[in-house]
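Colleague: I'm new to reading protein models. Could you walk me through a few features, one at a time?

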Amino acid sequence: MPSFQTSPGTRDILPPQAGRWRALNAVFAGVVESAGFECVIPPMFEDLGVFLRLGDATDVVTKEMYDFEDKGGRRVALRPEHTAGICRSFAQHRPTTPWKVWYSGSNFRYEKAQAGRYRQFDQVGIEVLGSTDALLDVEVISLGWRFFQELGMSSVLLMVNSLGDLADRERYIDALRAYFVTHSESLSAESRATLERNPLRVLDSKRPQDKSVIAGAPTINDFLSDEAREHFSLVCRGLDQLSIPYAVNTGLVRGLDYYQRTVFEFVSTALDSAQTAVGGGGRYDGLVEDLGGPATPGVGFAMGVDRTLLACDAEGVFLAGDAPLDAFIIDVTDGFAALRIADRLRAAGFRVDRAFDGRSMKAQMKVADRSGAQVAIIIGSDEAAAHSCTLRDLGTSEQRLVLEADLVENLSALVGSRTPRRTTS
Ligand code: HAM
């Protein structure tokens, strides 16, 4: 046993899985950049106060925050999500609106670790600040939908709801509290404790004992103002226009407290029932103001990378990893030819690896086969003397002798041409 292992809830993402993560990021960037979103990289830790805005009755704030005092006596926290940090960033820099940004990175929540639920997990997401337009909500949701489509997933269901404006939400919470208090005898002990802190969260309970009480609870629908109802109806009509299938789920309240009006979640039916949400988001029109900025509406989502890839595994889709090597160089002379050729081919845009430590032809050939390269470039003493090398197609075993000077052309003929890397000269 080695002395150290990864901490609970964290994992090493090893090759080839790590390549798949990067490929997923590239798909996401392609989708959102096609809609004018630009990348932002906020810090991984912030003043704790930034994240307290997620809600003093949420688990994320009360139980799961990685917060500590730094050596300068500041109370800071590792980000449990990106949205609050991005709103802080908006309030600090005041970019022109609408500010359409995307991000990708790790988040930290001290949760009970299990499959699909980690203490360090990655998200990709978008946020738009500066518009209340319901059709913007539709654009945001549609980009999330497109992302899952481009990964090849067919197990994703979209659920939408409206939490109304602040006053609607508060009236609804009061009504829920009154209802659950009357039925508190039938609720689980956990839900009774949740009720004290936040009646909305009781709706999230998956405990069988709570089910029938929750089924009879008032729904937000009866508390929406005319404006909020009209906004939500536009969102639904927009989704219809794009033929994006969705279900209105009046029990969908989300786990963070900053939401108003539209909320949505993407769930995968390919995942087991405990952790099915692969992403979610909604409107948070009061958050920037809460963080000391000007009143600015906002809407966005975040997708869980870990969970999305688990769902892809379950569906057998998006098996992408790193691109394979084009060539593997086998040099059984002094290794200088391999050094030169690898450098030249890499500059010409090829993916090339080689062996070290002066190993035998047989040993190097084995590594070349295992590397997944399409072509082996072999340099023995005869080849070295003639400034040439043998190109061996590792698929067909055909080989030919070529001059080192003609290598790029000959390799291109076998694996296709590549774009040369930019040089500084
Ligand atoms: P969230 O629902 O807390 O929303 O997280 C979004 C997604 O991140 C979840 O659906 C899930 O896939 C993934 N996720 C969350 N916690 C974990 C975990 N412990 N382990 C693995 N995956 C996890 C937010 O974070 C909001 N900031 C989304 C948003 C953006 N709303 C508006 N803009």
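Colleague: Let's start with a loop. Where does Arg94 lie?

Modeller: Arg94 sits in the loop between H4 and S5. Keep in mind that this is a predicted model.

Colleague: How do I read the backbone angle there? What is phi of Arg94 near?

Modeller: General idea to begin with: most residues other than glycine have a negative phi, and most peptide bonds are trans. Now the case here: phi of Arg94 is near 50 degrees, so to speak on the positive side, in a residue that isn't glycine. Ser397 also has a positive phi, near 70 degrees, and is a residue other than glycine. You'll find Ser397 in the loop between strand S15 (388–393) and strand S16 (399–403).

Colleague: Is Ser397 buried or exposed, or something in between?

Modeller: Ser397 counts as partly exposed, at 40% relative accessibility. The in-between class runs from 20% to 50%.

Colleague: You mentioned trans peptide bonds. Which bonds here are cis?

Modeller: One of them goes from Thr97 to Pro98, with omega near -5 degrees. Pro98 belongs to the loop between helix H4 (83–93) and strand S5 (99–108), and that loop is where we met Arg94. Another cis bond runs from Pro15 to Pro16, with omega near 0 degrees. Pro16 is placed in the segment before helix H1 (17–33).

Colleague: Next, helices. How do I read the sides of one?

Modeller: An α-helix has 3.6 residues a turn, so residues three or four places apart point the same way. Try that on helix H13, residues 336–347. Its buried residues are Ala337, Ala338, Ile341, Ala342 and Leu345. They sit on the same side of H13 because they cover an arc of only 120 degrees around the axis.

Colleague: Which exposed residues are on the face of H13 turned away from that side?

Modeller: Phe336 and Asp343 are the exposed residues carried there. You can also check the length of H13: its 12 residues reach 17 Å from the first C-alpha to the last, close to the 16 Å expected at 1.5 Å a residue.

Colleague: Let me try helix H14. Which of its residues are buried?

Modeller: In H14 (residues 361–371), the buried ones are Gln364, Met365 and Ala368. Looking down the axis of H14, they fall within an arc of 100 degrees, so they line one face of the helix. The face turned away from the buried side carries Lys362, Lys366 and Arg370, which are exposed.

Colleague: What about a single buried residue? What does the side chain of Asp306 contact?

Modeller: Asp306 is in helix H12 (residues 305–315), and with 6% relative accessibility it counts as buried. The cut-off for buried is under 20%. Its side chain makes a polar contact of 2.3 Å with the side chain of Arg11. The Asp306 side chain also reaches the backbone nitrogen of Asp122 at 2.9 Å.

Colleague: And how do I compare sequence distance with distance in space?

Modeller: Count along the chain, then look at the C-alpha atoms. Cys236 and Val160 are 76 residues apart in sequence, yet 8.5 Å apart in space, C-alpha to C-alpha. Cys236 is found in helix H10 (residues 226–241) and is buried, with a relative accessible area of 12%.

Colleague: Now the ligand. Which residues come nearest to it?

Modeller: There are 27 residues around the ligand, and Glu81, Thr83, Glu111, Glu127 and Tyr259 come nearest. For polar atoms, look at the distances. An N or O atom in the side chain of Tyr259 is 2.6 Å from a nitrogen atom of the ligand. For Tyr258, a polar side-chain atom lies 3.0 Å from a ligand nitrogen, while Arg254 has a polar side-chain atom 3.0 Å from a ligand oxygen. The ligand taken alone exposes 660 Å², and the protein buries 95% of that.

Colleague: Which elements give two or more residues to that shell?

Modeller: They are strand S6 (120–129), strand S10 (277–283) and strand S11 (298–304). S10 gives the most, with six residues. Sorted by class, the shell has 11 nonpolar, nine polar and seven charged residues.

Colleague: Last one: how many helices and strands does the protein have?

Modeller: It has 16 helices and 16 strands. Of the 425 residues in the protein, 51% are buried.

How values were computed. Residues are numbered from 1 along each chain as its sequence is written. This is a predicted model: local features need pLDDT of at least 70, side-chain atom pairs count only at pLDDT 80 or more; totals for chains, interfaces and linings use all residues. Side-chain values use heavy atoms; hydrogens and water are left out. A residue is near a molecule or strand if one of its heavy atoms lies within 4 Å of it. A polar contact is a pair of N or O atoms within 3.5 Å; within protein, one must be able to donate a hydrogen and the other to accept it, and residues adjacent in sequence count only if both atoms are side-chain atoms. Accessible areas come from the Shrake-Rupley method with a 1.4 Å probe; for residues, only the protein chains shown count as cover. Helices (H or I, at least four residues) and strands (E, at least two) are DSSP runs, numbered from the N terminus. Ala, Val, Leu, Ile, Met, Phe, Trp, Tyr, Cys and Pro count as nonpolar, Asp, Glu, Lys and Arg as charged, and the others, Gly among them, as polar. The expected span of a helix is 1.5 Å times one less than its number of residues. Buried means under 20% relative accessible area, exposed over 50%, partly exposed in between (1.4 Å probe, protein chains only). The arc is that of the directions from the helix axis to the C-beta atoms.
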